[in-house]
Amino acid sequence: MVQGKAIDIESLYRILFGKEPLILSETCMNEVSDCYQFLKTFSGDKIIYGINTGFGPMAQYRVDDQFLRDLQYNIIRSHATGAGQPLPEICVRAAMIARVYTFLQARSGVHPELVSLLIEFINREIYPFIPEHGSVGASGDLVQLAHIALTLIGEGEVFYQGEKRNTAEVMKENGLKPFSMHIREGLSITNGTSVMTGIGLVNLFQARQLLQWSVIASVMMNEIAASYDDLMAEPLNSCRRHEGQQVIARRMREWISGSQCIKKREIELYNSQNQEKIFAHKVQPFYSLRCVPQILGPVYDELQNAEKVLINEVNSACDNPIVDPVTQNIYHGGNFHGDYVSFEMDKLKIAITKLTMLSERQTNYLFHDKINEILPPFVNLGVLGLNYGLQASQFTATSTTAECQTLSNPMYVHSIPNNNDNQDIVSMGTNSALIARRIVENSFQVLAIQFMGLAQAIDYLGIQSKISPKSQQVYKEIREFFPAFKEDSVLYPKVELMINYLKKCEEW
């Protein structure tokens, strides 16, 4: 599909995860070319930051005309100073897509050849080596973007077909030529929020998966507990005016359809024939089962807002200065500042931590025989005392949840002045996105252990045919790679298989 200068979330998902080729319209490229031509004409006899001045606090120093091309190479080479583990390929791909769309706004003054080369990298799955640490998120992701820029000029290293290799060799194999500077491309590539935005997009898509799995797990929990169905009833949830709560309740009703496990309050308790003095079955289940719409509703609302912020950021010009051929002027400001993304990633990580806490509490309900009163300890299908079931896996779920809680502290308010105090207040947006990514990964681990427990509980109760058809489908898929077990065995490979299963399934 040919893309215009703005991309929607569905198209972005297909290009990012589905590896659809990114193909741009001729109109888009013409606008990029027009912006470049305007800059070339306009900048001839003027002082413009980053074209004939130094960068950052060095902006007070004029650069002689004979060194203008060197200036653009220098910012790339000098800023490729990242440290730490390499960003995953999917995050690098997302960052490059975000950078393309910054340039497509035709406010950067870059030569069209730069956009074309970036697209070649994306479509050929050539991923620059980008260390995770280096950005304070204020002049954008200067360090990480410099690592992308380094590969575009044929230097540094890339990951290609699963191997880390010399960039020049990979480009030669693919018939690509390194980009040569024209006017301000060195600054344009390195200046902006594309890395934090790219990581944020990956976080968003995976957080959506987590939310849907949490809804599914919560329904299956209530099936196992034989809860009353009014916790998800439309009249109950619609009288509270929050969209997320109503959406989650509706999803639960849709998932539970056809279940023979859920009880009807009007039949069990609103019938005058019930003469129990002490009720054997809980009149109201624990909050982790009963309050799912109220707990996951805010998570849904946050993910909706995160989508709005991130897709707006992708479709924005986020470098400096802004080259505007419409008004025939160049504007100096701070569109590279990452506060929008930083704030949103802090909110997203809090939301996913709360989702993870819900999963951990539901898992505790499953594993704690004195609480659920219907299952053996740790859903142990073997001999109690001799076998241990999923006992030790709870340690993993609990400790991982605790890490999420600690990591949920905000980065947005942790500005530290730097760069000779030129950057005297910064966003720390990339740190926020990276920490949110850690929390997302943690959440998959906790949910994986919960689903292992759910499958064991369903087998113990013998309700395989009574749970809803959709729950049966999930149960059967899980049992294909995680058979019911009684004898103790090494479980960490099964945890990994479960994580992969949860990640590969698209939204139900």
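The expected span of a helix is 1.5 Å times one less than its number of residues, and I would like to start there, keeping in mind throughout that what we are looking at is a predicted model.

Take helix α2 to begin with, which covers residues 26–42 and therefore, by that rule, is expected to reach 24 Å with its 17 residues; in the model, the distance from the first C-alpha of α2 to the last is 24 Å, close to that expectation. If you look along α2 for the side that is covered, the buried residues are C28, M29, V32, C35, Y36, F38, L39 and F42. It may help, when reading such a list, to remember that an α-helix has 3.6 residues a turn, so residues three or four places apart point the same way.

Let me move to helix α9, residues 194–225, where the same kind of check can be made: its 32 residues should span 46 Å at 1.5 Å a residue, and because its end C-alpha atoms are 46 Å apart, the two values agree. As for how covered α9 is, 32 of its 32 residues are buried. Just after α9 comes A226, and the phi of A226 is positive, near 55°.

How, then, is α9 placed against helix α14, residues 292–314? Their axes come within 10 Å and cross at roughly 160°, and since angles over 145 degrees count as roughly antiparallel, that is how we describe α9 and α14 relative to each other. The crossing in which α9 passes α14 is left-handed. On the α9 side the residues making this contact include G200, L204, A207, R208, L211 and S218, while on the α14 side they include L296, V299, Y300, L303, E307 and L310.

A second helix pair is α15, residues 339–367, with α18, and here the axes come within 9 Å and cross at roughly 20°, which makes α15 roughly parallel to α18. The crossing of α15 past α18 is left-handed.

Finally, I want to stay with α18, residues 429–461, for one residue that it contains, namely E441. Is E441 buried or exposed? Its relative accessibility is 19%, and because buried means under 20%, E441 counts as buried. Leaving aside residues up to four places away in sequence, E441 touches Q206 and K503. With K503 there is also a polar contact, made between the side chain of E441 and the side chain of K503, at 2.7 Å.

How values were computed: Residues numbered from 1 in each chain as written. Predicted model: local features only at pLDDT ≥ 70, side-chain atom pairs only at ≥ 80, totals over all residues. Heavy atoms only, no water. Helix = DSSP H or I, 4+ residues; strand = E, 2+ residues; numbered from the N terminus. Buried < 20%, exposed > 50% of the residue type's maximum accessible area, 1.4 Å probe, protein only. Polar contact = N/O pair within 3.5 Å; in protein donor to acceptor, adjacent residues only side chain to side chain. Contact = heavy atoms within 4.5 Å. Axes fitted to C-alpha atoms, helices over the stretch in contact; angles between N-to-C directions. Parallel < 35°, antiparallel > 145°, perpendicular 65-115°, else oblique. Left-handed = near helix turned anticlockwise from the far one by under 90°.
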